[in-house]
Amino acid sequence: MTSTRVQLWCAWSGPAFIVLFFSGMLVASLLPPPEPDWTAQRTAEFWRSDPDLKRLGLSLMMASTTFLAPFGVAIFLQLRRIPGAIAPAYTALAGAAVGMVAVVVPTIMMLSIALRPERDPEITQALTDLAFVPFVVNWPPALVQALGLGVGVLMDRRREDPVLPRWLGYYALWTGFLFLPGTLLVFFLDGVWAWNGILSFWVVAVLFGMFQLVVFVQVRAAILRAAATPASAEPAPEAVPA
């Protein structure tokens with residue numbers, strides 16, 4: 001098994017995560033998500049309907065997060081090939097690692113709700129708030145990863161054969177900052193800024209999915225180019241201060 005093949009498997013983890021994660025949300029009836037302005041009784045009824053499907057879908061969502069780590073490693077290895085980009089590379093890797101935990105934790109909270117949907121509606125509503133606020137307001141690790149990727153790509157000054165295209169750096173930075181408006185959901189129970197709103201949920205979900213797929217395409221291409229020119233496949237050596 002070659003290093004190139006392993007790196008390609010890591011890169012394919014990006015789209016694998018997207019497919020499995022959003023499939024799990026569909027199975028669990030979380031697309032669209034429950035509305036934050038529902039009464040406690042209505043929220044409890046949501047979790048009591050098709051509980052086994054919800055458990056299955058949430059289990060798929062949790063399983064999908066295992067793909068985030070290898071995908072982060074695939075990005076890290078390409079950034080390490082850029083001279084001087086060691087700090088952005090590790091920043092992106094840290095963002096990917098924390099991002100995995102940031103998705104796992106609220107998903108486990110939802111699994112806990114689905115375990116006993118017959119509990120008191122007030123408790124179910126409180127647990128739903130506890131799960132969905134961090135689930136949607138999940139921009140810090142995503143922003144850290146996007147910043148690491150964007151800065152690292154822009155540090156590559158080579159006009160001929162850069163590791164990753166320069167436009168990808170700007171795309172990563174813009175996408176990372178476009179995750180921020182989701183923070184406003186804590187001020188609204190309905191409308192475009194609520195956790196099920198167009199700006200807080202749907203726009204961010206589309207941006208996140210597109211980011212994963214666009215980065216996958218470019219990282220995969222970089223791996224294949226490096227395999228065709230073995231001298232560029234290894235990380236660039238770091239200068240050691242005298």
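Hi everyone, this is a short tour of one protein model, from the overall fold down to a few residues.

First, some ground rules. The model is predicted, so local features need pLDDT of at least 70 and side-chain atom pairs count only at pLDDT 80 or more, while totals for chains, interfaces and linings use all residues. Residues are numbered from 1 along each chain as its sequence is written, and side-chain values use heavy atoms, leaving out hydrogens and water.

Let's start with the whole protein. It has nine helices and zero strands; here helices (H or I, at least four residues) and strands (E, at least two) are DSSP runs, numbered from the N terminus. The C-alpha trace spans about 65 × 40 × 30 Å along its principal axes. Of the 242 residues, 45% are buried, meaning under 20% relative accessible area with a 1.4 Å probe, protein chains only.

Now look at helix α1, residues 3-27. How far apart are its end C-alpha atoms? They are 36 Å apart, which agrees with the 36 Å expected for 25 residues at 1.5 Å a residue (the expected span is 1.5 Å times one less than the number of residues). There is also a kink of about 30 degrees at glycine 14, shortly before proline 15; the bend is the angle between axes fitted to the seven residues ending there and the seven starting there. Both Gly14 and Pro15 are among the buried residues of α1. The cover over those buried residues includes α3, α5 and α9. Just after α1, serine 29 takes a positive phi of about 60 degrees.

Serine 29 leads us to lysine 54, in helix α3 (residues 51-64). Leaving aside neighbours within four places in sequence, lysine 54 is in contact (heavy atoms within 4.5 Å) with Ala28, Ser29, Phe46, Trp47 and Ser49. Which side chain of opposite charge is nearest to lysine 54? That is aspartate 50, 5.5 Å away, and buried lysine 54 has no salt bridge, which would need a side-chain nitrogen of Lys or Arg within 4 Å of a carboxyl oxygen of Asp or Glu. A polar atom of the lysine 54 side chain does lie 2.8 Å from the backbone oxygen of serine 49.

Last stop: proline 106, in helix α5. Is proline 106 buried or exposed? Proline 106 is buried, with a relative accessible area of 2%. Its C-alpha atom is 4.7 Å from that of alanine 131, although the two are 25 residues apart along the chain. Beyond neighbours within four places, proline 106 is in contact with Val101, Ala131, Pro134 and Phe135.

Thanks for listening!

Terms used. Buried means under 20% relative accessible area, exposed over 50%, partly exposed in between (1.4 Å probe, protein chains only). Lys and Arg count as positive and Asp and Glu as negative; His and the chain ends are not counted. A polar contact is a pair of N or O atoms within 3.5 Å; within protein, one must be able to donate a hydrogen and the other to accept it, and residues adjacent in sequence count only if both atoms are side-chain atoms.
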